[in-house]
Amino acid sequence: MPEETLSHPYLLSSEDLNYDDILKIFKKAKYFMDNIQSVKKFDDLKGVTVGLAFFESSTRTKLSFELSAKRLSADVFSFQSSSSSLSKGESLLDTLRTIEAMEVQVFIVRHQNSGVPVFLQKNTSGIVINAGDGKHEHPTQALLDAFTLHRRFKKIDGLKVCIIGDILHSRVARSNVNTLKTLGAELAFCSPGTLLPRELNVWNVNIIDELDDAVDWADVVMVLRLQRERMDSGLIPSVKEFSKYYGITFKHFTKKPELVLLHPGPVNYGIELDYLLSSYPNVLIQTQVKHGVFIRMALLSLLAKNLGH
Ligand code: CP
């Protein structure tokens, strides 16, 4: 295998990436970050057509994939599911084949149903990248989160990361557990019992009941919003009560000023996080967004080697 490729020619799940893959992506992301001001536009994807197929809303992921592909000189187009022939009864598979006939080679897919990127990869010779599928996975979010921690702490091995909030409905939590464990982090969850995954033994992470104890334990807290669009029923007594017991405020940073906070966004300020913390130096939300572009450039560049680029 050439040195510059990854172990799989697609990215459907965080489990597709081993330790070496992740470090290759980090190295390439750093290269792009260090050189973007002088080079502006790279030609890694010149002649490659990238389709953004987002069947569910997105700001960060969609825009950063679009920008990343354009900075690598790809031809990029965006498929709008709401105004497509899906509404006339065309199937997902026929939609894929239609797009593929236009010689699209890379499909970046977000879908509300778990497993759609895997299904599409089985039916195309192109490259599928999972940009978030249902409650299943969001592997590029985990990569950019881990890259942010790697740059901040220099190494992730032994780092204590506590994921707080709605873990049950979170694809970000699932991908981060895999990626951060691969890099040697120690993981914990802090959440109401009703928002913890049922199969906790599979996840094999520590459980910390009280938020104050979680903050004491952790080097990093990764805060998640309540994903009410994925909840079937009321799993918490009230949003106000969730915020009281699981919301991060200045009090936590006063107690532990060195604490680092990540949040994948979008943030529901006033619920899981106090708005006054949005510009606090150890709250790295904007850094995560910035790193997302370089991580996605790195991923696209490395995967495009499989297309002969
Ligand atoms: N973090 C994340 O996936 O954000 P978007 O839904 O805005 O893409």
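These are my notes on helix α1, the ligand site and two buried residues in a predicted model.

**Helix α1**

I started with the length of α1, which runs over residues 19-39. At 1.5 Å a residue, its 21 residues should span 30 Å, and I get 29 Å between the end C-alpha atoms, so the two agree. The helix still has a kink of about 30°, centred on Met 33.

Next I looked at both ends. At the N-terminal end Asn 18 acts as the cap, with a side-chain oxygen 3.1 Å from the backbone nitrogen of Asp 20. After the helix comes Lys 40, and its phi is positive, near 65°.

Which residues of α1 are buried? I noted Asp 21, Ile 22, Ile 25, Phe 26, Lys 28, Ala 29, Phe 32, Met 33 and Ile 36. Met 33, where the kink is centred, is thus listed among the buried ones. What do they pack against? The partners are α2 (60-71), α5 (139-153), α6 (171-182) and α11 (285-304).

**Lys 28**

A lysine on that buried list made me check again. Lys 28 is in α1, and its relative accessibility is 14%; the cut-off for buried is under 20%, so Lys 28 counts as buried. Beyond its neighbours within four places in sequence, I found it in contact with Glu 4, Asp 44, Ala 298, Ser 301 and Leu 302. Two acidic residues, Glu 4 and Asp 44, are on that contact list.

**Ligand site**

Then I moved to the ligand. Around it I found Ser 58, Thr 59, Arg 60, Thr 61, Arg 110, His 138, Gln 141, Pro 264 and Gly 265.

I looked up three polar contacts to ligand oxygen atoms. The side chain of Ser 58 puts an N or O atom 2.6 Å from one. For Arg 60 a backbone N or O atom does the job, at 3.0 Å. Arg 110 uses a polar side-chain atom, at 2.8 Å. How much of the ligand does the protein bury? Taken alone the ligand exposes 250 Å², and 91% of that is buried by the protein.

**Ile 129**

Last stop was strand β4 (residues 127-133), where Ile 129 sits. Is Ile 129 buried or exposed? Its relative accessibility is 0%, so it counts as buried.

Leaving out residues up to four places away in sequence, Ile 129 touches Leu 11, Phe 65, Val 106, Phe 107, Ile 108, Val 109, Thr 140, Leu 299, Leu 300 and Leu 303. I also checked Val 106 by backbone: its C-alpha atom is 7.6 Å from that of Ile 129, with the two residues 23 apart along the chain.

Conventions: Residues numbered from 1 in each chain as written. Predicted model: local features only at pLDDT ≥ 70, side-chain atom pairs only at ≥ 80, totals over all residues. Heavy atoms only, no water. Helix = DSSP H or I, 4+ residues; strand = E, 2+ residues; numbered from the N terminus. Expected span 1.5 Å × (residues − 1). Bend = angle between axes of the 7 residues up to and from the residue. Buried < 20%, exposed > 50% of the residue type's maximum accessible area, 1.4 Å probe, protein only. Contact = heavy atoms within 4.5 Å. Polar contact = N/O pair within 3.5 Å; in protein donor to acceptor, adjacent residues only side chain to side chain. Near = heavy atom within 4 Å. Areas by Shrake-Rupley, 256 points an atom, 1.4 Å probe, with all protein chains shown as cover.
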